[in-house]
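Reader: Hello! I am new here; could you show me the structure and walk me through a few of its features?

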Amino acid sequence: MKLTSPEFVSAGALLLVLGKMALQLWLESINRKYSRQRQSPPSGVSTEKFDTAVYEKSVAYTLAKSRFESFEIIFNAAILILVLFSGLLPAMFEWFIEQGGRGALVQSSYLFVIGVLFSLLGMPLEWYSQFIIEERFGFNTMTKKLWWIDRAKALLLGGVIGIPMLLLLVKIVEWTGQNWWIWGWAAMLLFQLIMMVLAPILILPLFNKFIPLKEGSLRKRLLTLGERSGFYAQNILVMDGSKRSRHSNAFFTGFSKWRKIVLFDTLVQQLDEAELEAVLAHEIGHYKKRHIPKMLFSSAILSFGGFFMVAWLAEQEWFYRAFGFSQGSIVPALLLFTLLSGTITFYFSPIGNFVARRFEYEADAFASRMTHGPHALITSLRKMTEKNLSNLTPHPIYSAVYYSHPTLFEREKALLKEEEKLHRTETA
């Protein structure tokens with residue numbers, strides 16, 4: 001059997017999907033076993049301040065989510081295998097062509113409909129996660145009505161934004177010929193940059209209310225921190241995250257003069273002013289260390305490679321035949337690459353997470369310097385870990401594959417080590 005035979009390619013794709021599923025199930029299994037072995041908080045810098053009952057609840061939450069994720073892994077793999085090898089995709093493509101011709105709008109609509117179908121298939125799992133697991137552990141505050149409204153809005157936004165973008169991509173193939181992938185990549189990159197500006201202004205307010213942080217000591221303290229660190233934001237906003245969940249977070253959106261600091265209302269309720277200042281200092285650290293541009297650059301390089309691969313695969317008849325398509329349109333290659341790429345990039349996720357964790361350590365160190373020591377950040381991390389029932393002790397291999405943030409203990413050790421090093425430098 002030749003490496004480029006359709007039979008070999010389809011068998012290889014099947015093995016990739018099954019291999020990823022098996023590895024993910026193994027990771028969930030070893031992480032559950034690792035969590036069960038911990039009956040109390042492990043020895044570490046937080047042990048004396050982390051409540052045992054809360055720790056036991058966090059373990060139960062981890063186990064519940066892991067069991068559900070194992071089911072989700074099997075479900076998603078089964079759906080992907082069914083869709084790839086049942087002949088459904090080429091049959092739907094031919095139906096679209098028969099009904100509307102080979103125009104760019106018809107082909108881009110086909111891609112959009114496939115995306116919607118995958119979204120609909122995943123909705124029962126999303127429902128269970130929100131209204132069973134999150135409800136059981138006291139996180140869910142979302143009503144069923146709001147859940148449906150969110151999905152309807154997301155679907156409409158997908159059509160308003162997604163179809164024109166897909167249409168442009170298909171038209172770029174028609175306009176530019178063999179080098180379409182370079183122009184397509186440039187268009188997607190430009191689209192991402194535009195969305196960084198427009199999303200906080202036009203899209204996020206469709207789902208949440210953003211209210212300026214009221215005048216007072218907290219606002220003054222955070223603005224002073226921004227001035228002290230050279231981070232000038234247009235506004236500090238509080239987001240009503242509590243209408244969906246009791247989980248908490250903070251982030252900033254946009255760039256340049258459109259930059260805004262956003263605090264979840266749950267976070268404002270959970271932390272004191274010094275701790276909120278430390279959390280914001282951490283977010284500013286990402287900006288000052290240029291982590292966002294670095295991540296955007298990495299993403300641009302990866303997407304450039306992805307577009308090149310799609311262009312190359314679109315010229316290989318064996319790739320189309322392996323999944324029941326006939327060569328002649330770029331759309332099947334785009335769809336198949338999108339569906340299969342996750343089975344390959346999954347194996348490289350530890351590399352991306354390793355870099356992301358280094359960024360977190362750098363932002364923590366910056367926050368420590370900006371707030372005169374690590375203690376406010378440490379207490380804020382402890383509170384957020386406790387309130388979110390975060391897993392304190394994930395299996396090291398599981399953490400390497402899935403965690404973009406170090407654990408609480410890892411961050412505390414790094415912060416205290418950084419403080420000790422700074423102290424030695426000052427006294428030398």
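Reader: How many residues has helix 4, and what does it reach from its first C-alpha to its last?

Author: Helices here are DSSP runs (H or I, at least four residues; strands are E, at least two), numbered from the N terminus. Helix 4 covers residues 104–136. The expected span, 1.5 Å times one less than the number of residues, is 48 Å for helix 4. Helix 4 comes close to that, with 33 residues and a reach of 47 Å.

Reader: Where does helix 4 bend?

Author: A bend is the angle between axes fitted to the seven residues ending at a residue and the seven starting there. In helix 4 that angle is about 35°, and the proline P124 follows within four residues of the bend, which is at M123.

Reader: How confident is the predictor, and in which element is confidence lowest?

Author: This is a predicted model, where local features need pLDDT of at least 70, side-chain atom pairs count only at pLDDT 80 or more, and totals for chains, interfaces and linings use all residues. Residues are numbered from 1 along each chain as its sequence is written, and side-chain values use heavy atoms, leaving out hydrogens and water. On the pLDDT scale of per-residue confidence, from 0 to 100, the chain has a mean of 89. Confidence is highest in helix 15, at 95, and lowest, at a mean of 77, in strand 3.

Reader: Which residue pairs with D150 in a salt bridge, and why does the pair tie together distant parts of the sequence?

Author: A salt bridge puts a side-chain nitrogen of Lys or Arg within 4 Å of a carboxyl oxygen of Asp or Glu. For D150 the N to O distance is 2.7 Å, and the partner is R244. D150 lies in helix 5 and R244 in the loop between strand 2 and strand 3, so the pair ties together parts 94 residues apart in sequence.
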